[in-house]
Amino acid sequence: MNKVVDVGSHHGEFSRHILNTSQEVLVIAVEPNPLSVPYLEKLRADFPNRFNFISAALTDYDGEITLTSRLINNGQLASTLDLNESFLNNGSELKDRKSTR
């Protein structure tokens, strides 16, 4: 079975497309926004053996972020990630290490 990771899956539109396209695919979605959970749970119910999701942000190092979401005028969801100081420091150190290679 082929595997797909849908990072930043939002409501799972891409995941649903892939699952409808092939019966031989397993999709794991990663989405930090808790407002997306009901949509992803519905997708898991529709494809119980081929879809699952992780409620988390994905990065290459440890740290904490704050996700702020709000509905904008046209009813769409707008989200921003507010990086805390330790996250920013880790990012700077990572950037410095990468630039010295």
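Is Arg16 buried, exposed or partly exposed, and what is the relative accessible area of Arg16? In this predicted model, Arg16 is partly exposed, with a relative accessible area of 29%. The setting of Arg16 is taken up again below, after the strands, the helices and the core have been described.

The description begins with the pairing of the strands. Strand 1, which covers residues 2–7, runs parallel to strand 2, residues 25–30, and the two are joined by six bridges. Within this pairing, Lys3 has Leu26 of strand 2 as its bridge partner. Between these two strands the chain passes through helix 1, residues 13–21, and the resulting β-α-β crossover is right-handed. Strand 2 is also paired with strand 3, residues 51–54, again in the parallel sense, over four bridges. Two of the residue pairs can be named here: Ile28 has Asn52 of strand 3 as its bridge partner, and Ala29 is matched in strand 3 by Phe53. Strand 2 and strand 3, taken with helix 2, residues 37–46, form a β-α-β unit that is right-handed.

The two faces of strand 3 can be told apart by their cover, with Phe51 and Phe53 on the covered face and Asn52 and Ile54 on the uncovered one. Phe53, the bridge partner of Ala29, thus belongs to the covered face, whereas Asn52, the bridge partner of Ile28, belongs to the uncovered face.

Phe51 and Phe53 are also members of the largest nonpolar core, which has ten residues in all and further includes Ile18, Leu19, Val25, Val27, Ala29, Leu40, Leu43 and Phe47. Helix 1, strand 2, helix 2 and strand 3 are the elements that each give two or more residues to this core, and strand 2 gives the most, with three residues.

At the surface, Val5, Val7 and Leu58 make a nonpolar patch of about 290 Å². Among these residues, Val5 lies in strand 1 and has a relative accessible area of 56%, so Val5 counts as exposed, the cut-off being over 50%.

The charged side chains complete the picture. In general terms, side chains of opposite charge can pair when their charged atoms come close. The count of salt bridges in the model comes to two. In one of them Arg16 is paired with Asp46, and the closest N and O atoms are 3.0 Å apart. Because Arg16 lies in helix 1 and Asp46 in helix 2, this pair ties together parts that are 30 residues apart in sequence. Like Arg16, which has a relative accessible area of 29%, Asp46 counts as partly exposed, at 34% relative accessibility.

Asp46 also forms a salt bridge with Lys42, in which the closest N and O atoms are 2.9 Å apart. Asp46 and Lys42 are four residues apart in helix 2, and therefore about one helical turn separates them. Lys42, with a relative accessible area of 48%, is partly exposed as well. Through salt bridges that share partners, Arg16, Lys42 and Asp46 are joined into one network.

Notes:
Residues numbered from 1 in each chain as written. Predicted model: local features only at pLDDT ≥ 70, side-chain atom pairs only at ≥ 80, totals over all residues. Heavy atoms only, no water. Pairing = 2+ DSSP bridges. Right-handed = clockwise from strand over helix to strand, strands pointing away. Patch = residues over 30% accessible without salt bridge, like charges linked within 9 Å, V, L, I, M, F, W, Y side chains within 5 Å. Areas by Shrake-Rupley, 256 points an atom, 1.4 Å probe, with all protein chains shown as cover. Salt bridge = Lys/Arg side-chain N within 4 Å of Asp/Glu carboxyl O. Buried < 20%, exposed > 50% of the residue type's maximum accessible area, 1.4 Å probe, protein only. Core = buried A, V, L, I, M, F, W, Y, C linked by side-chain atoms within 4.5 Å.
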